[in-house]
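Here is a short tour of a protein interior, written for someone who would like to look along in the viewer. Please have the structure open as you read.

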Amino acid sequence: MLQIFSQNNINDFVNPREGEIKLGQSVQVISTLENLKKVTAKFVIIGVPEDIGVKMNYGKGGAHTAFTPALKSFLNTQENQFINGKDILVLGYLDFLNEVLNFDSSDREKGDLLVKAIDKELSSVIKIIIEADKIPIVIGGGHNNAYGNLKGLSEGKKQPINVINLDAHTDLRRLEERHSGNGFSYAIEHQYLEKYFMFGLHENYTPQYVFDYIHSNTNIDYNTYEELQVYKSIPFENELLRAKNFIQEKSFGIEIDLDCIQNFPSSAMTPSGFTSQQTREFVHHFAKNKNASYIHICEGSPTIIQDPSAINQVGKFISYLISDFIKAKQSLLVK
């Protein structure tokens, strides 16, 4: 169900201005996935606008509404000495919108099948992007899509891979119906994921059985938000280095769940969390590593609050994270 964007689709998002060049006026497009290896662009943007996995995890819907404002904001970013649109290909999005609009979260069997269908589509596309020696930038959607990203990266690299997850939650719930709370559980179970570091867990929202599982597995590590920002028992900068050392020896993904940011419109919006600046620093820190192989930004939900400005603010912040990731990776490519 991949819907590939044409140049006309891109043009519809861009507001040109005389004397300026917007990224949307320079980004590349393709007509078929088979052409991916032929383009010079290194970064490939794909959207997964769905919230079925979130609803299956008893969360609030709306995560399907972040991709369009994020893409519009990003495509209207200025092309200048810091970022070049020709390095970026906008692929399109996985179209499950009819299923999203018609989904009844009480139908657990159907929801399980739908999330697994999204898993299959996304992992297939990610694998193709990785095999073409490109870097996926995935805009969600729910955090259930971490599984498709990890499977696709692992299959593309032909080995288990690692991941760093900035998140208030572990998403290591039981291997039950597929939902946004067990993407990493399934990735470990199916041997796509080797080392997993969780950055900034909220102590109040992690079940003890999950902590017991973590402590029994030497390939899983974490810190908590309380340790970093409330008790101040461990420095933020030191933990960035510790987490990087834990996962950097092989290809790894960067997962950003926007529910970790204080008062950010998301599926599990929190009054206590990291700042937007800390989140941007986190992305830059890990993206400038040669083994950083994709970024996934998920759970943004501008419709969750009754504020017309939320759509633009969510889109703009995701756009910042995309450009931060690209700039950090480009600094490696020019060396």
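What follows covers a central strand, a charged residue and the nonpolar cores.

The model is predicted. A good place to begin is strand β4, residues 135–140: six of its six residues are buried, so this strand is largely enclosed by the rest of the structure. I135, I137 and I139 point one way from β4, while P136, V138 and G140 point the other way. In a regular strand the side chains alternate between the two faces of the sheet.

Strand β4 has partners in β2 and β9, summarised here.

| Partner of β4 | Residues | Bridges to β4 | Direction | Opposite pair |
|---|---|---|---|---|
| β2 | 43–48 | six bridges | parallel | I45 and I137 |
| β9 | 292–298 | three bridges | parallel | H296 and V138 |

H296 turns up again beside a charged residue. E255 sits in strand β8, residues 252–257, and touches H296 and Y294, as well as others including H143, N149, N165 and F184. Which side chain of opposite charge is nearest to E255? It is R178, 10 Å away, and E255 is buried yet has no salt bridge.

Now to the nonpolar cores. The largest has 55 residues, and I164, F199, I254 and I256 touch the most other members. Helix α12, residues 310–333, gives this core its largest share, eight residues. Another core, of 49 residues, lies apart from it and has L33, L89, L94 and A146 among its members.

I256 also deserves a look: beyond its sequence neighbours, its contacts include L166, F282, I295, H296, I297 and L321. H296 is thus listed for both E255 and I256.

Key
Residues are numbered from 1 along each chain as its sequence is written. This is a predicted model: local features need pLDDT of at least 70, side-chain atom pairs count only at pLDDT 80 or more; totals for chains, interfaces and linings use all residues. Side-chain values use heavy atoms; hydrogens and water are left out. Buried means under 20% relative accessible area, exposed over 50%, partly exposed in between (1.4 Å probe, protein chains only). Helices (H or I, at least four residues) and strands (E, at least two) are DSSP runs, numbered from the N terminus. Two strands pair if DSSP finds at least two bridges between them. Lys and Arg count as positive and Asp and Glu as negative; His and the chain ends are not counted. A salt bridge is a side-chain nitrogen of Lys or Arg within 4 Å of a carboxyl oxygen of Asp or Glu. Contact means heavy atoms within 4.5 Å. A nonpolar core is a set of buried Ala, Val, Leu, Ile, Met, Phe, Trp, Tyr and Cys residues joined through side-chain atoms within 4.5 Å. Lists of a residue's contacts leave out its neighbours within four places in sequence.
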